[in-house]
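Here are a few friendly notes to read beside the model. They go point by point, so feel free to pause and look at each spot as you read.

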Amino acid sequence: MRFIRLIFVAALALVLVAVALANRDMVTLSAFPANFGQYLGGTWSLTVPLFLVIFVAFTLGMLAGLVWEWLREAHFRREARQRNAEVVRLESEVGHLRDRHAAPRDEVLAILDEPAPAKGAALPAVR
């Protein structure tokens, strides 16, 4: 499994390097359309290599998907916590009930569980 993971990471690195080398041209990213930024004061644009734009967009998309799924599955995690707490409570209750309502030992089993008398010792009297 470790070898397969290493091959996957190496292939992914090669693909990322190839994309970066193929997209080295500089692009200008603007926060607002058609000189609208000048009304807000300053230049709201940034000049970066295209591969950086691609990688940052991919990373932000992955993070947005991760947060979306985490929020979507919150009710599953909450229900699992509640059920786990209920299981722990019921197991504790069953343990207390076993201790509290344990049936008295059978007399025959109690006799069998007694240690054997030592050699030469007198046997107990039978009633």
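1. A word on terms before we start: two residues are in contact when heavy atoms of theirs lie within 4.5 Å. With that in hand, take Val48, which, leaving aside its neighbours within four places in sequence, is in contact with Asp25, Met26, Val27, Leu29 and Val53. Please keep in mind throughout that this is a predicted model.

2. Let us stay with Val48 for a moment. This residue is found in strand E2, which covers residues 45-49. Is Val48 buried or exposed? Its relative accessible area is 12%, and because buried means under 20%, Val48 counts as buried. One of its contacts, Met26, is 22 residues away from Val48 in sequence, yet the two C-alpha atoms are 5.3 Å apart in space.

3. Now step back to the whole chain. How many helices and strands are there? The chain has 5 helices and 2 strands, and along the sequence they follow the pattern α-β-α-β-α-α-α. Of its 127 residues, 3% count as buried, and Val48 from the previous point is one of the buried residues. The accessible surface comes to about 12,000 Å², with 67% of that belonging to carbon and sulfur atoms. As for contacts between residues at least 6 apart in sequence, 39% of them join residues at least 24 apart.

4. A record adds an annotation that you may like to compare with the model. UniProt, in an unreviewed entry, lists residues 46-71 as "transmembrane region". In the model, this stretch is 85% helix and 15% strand. The C-alpha atoms at the two ends of residues 46-71 are 32 Å apart.

5. Next, the aromatic rings. Which residues form the aromatic pair? The count comes to 1 such pair. The partners are Phe51 and Phe55, whose ring centres are 5.9 Å apart with planes at 65°, so the pair is edge-to-face. The angle matters for that label because planes over 60 degrees apart count as edge-to-face. Both residues belong to helix H3 (residues 50-72), and because they are 4 residues apart there, about one helical turn separates Phe51 from Phe55. Each ring also belongs to a residue with some exposure: Phe51 is partly exposed at 23% relative accessible area, and Phe55 is partly exposed at 25%.

6. Look also at the nonpolar surface patch. Leu52, Val56, Leu60, Leu63 and Leu66 make up this patch of about 460 Å². Val56, one of the members, lies in helix H3. With a relative accessibility of 43%, Val56 counts as partly exposed.

7. Charged side chains deserve a visit too. How many salt bridges are there? The count comes to 5, and one of them brings together the side chains of Arg72 and Glu69, with N and O 2.8 Å apart. Arg72 and Glu69 both lie in helix H3, 3 residues apart, about one turn of the helix. Arg72 also forms a salt bridge with Glu73, where the closest N and O atoms are 3.7 Å apart. Glu69, Arg72 and Glu73 are thereby linked in a network of salt bridges. As for accessibility, Arg72 is partly exposed at 43%, Glu69 is partly exposed at 30%, and Glu73 is partly exposed at 31%.

8. One more salt bridge is worth finding on the model. The side chains of Glu86 and Arg89 meet with N and O 2.7 Å apart. What separates Glu86 and Arg89 in helix H4? Helix H4 covers residues 74-100, and because Glu86 and Arg89 are 3 residues apart in it, about one helical turn lies between them. Glu86 is partly exposed, with a relative accessible area of 36%, and Arg89 is partly exposed as well, with 41%.

9. To recap for a second look: the edge-to-face pair is Phe51 with Phe55, the salt-bridge network links Glu69, Arg72 and Glu73, and the buried residue discussed here is Val48. Happy exploring!

How values were computed: Residues are numbered from 1 along each chain as its sequence is written. This is a predicted model: local features need pLDDT of at least 70, side-chain atom pairs count only at pLDDT 80 or more; totals for chains, interfaces and linings use all residues. Side-chain values use heavy atoms; hydrogens and water are left out. Rings of Phe, Tyr and Trp (its six-membered ring) pair if their centres lie within 6.5 Å; planes under 30 degrees apart count as stacked, over 60 as edge-to-face and the rest as tilted. Buried means under 20% relative accessible area, exposed over 50%, partly exposed in between (1.4 Å probe, protein chains only). Patches are made of residues with over 30% relative accessible area and no salt bridge: like charges are joined within 9 Å, nonpolar side chains (Val, Leu, Ile, Met, Phe, Trp, Tyr) within 5 Å. Accessible areas come from the Shrake-Rupley method with a 1.4 Å probe; for residues, only the protein chains shown count as cover. A salt bridge is a side-chain nitrogen of Lys or Arg within 4 Å of a carboxyl oxygen of Asp or Glu. UniProt positions are given in the numbering used here, feature names are shortened, and annotations may be inferred rather than shown by experiment.
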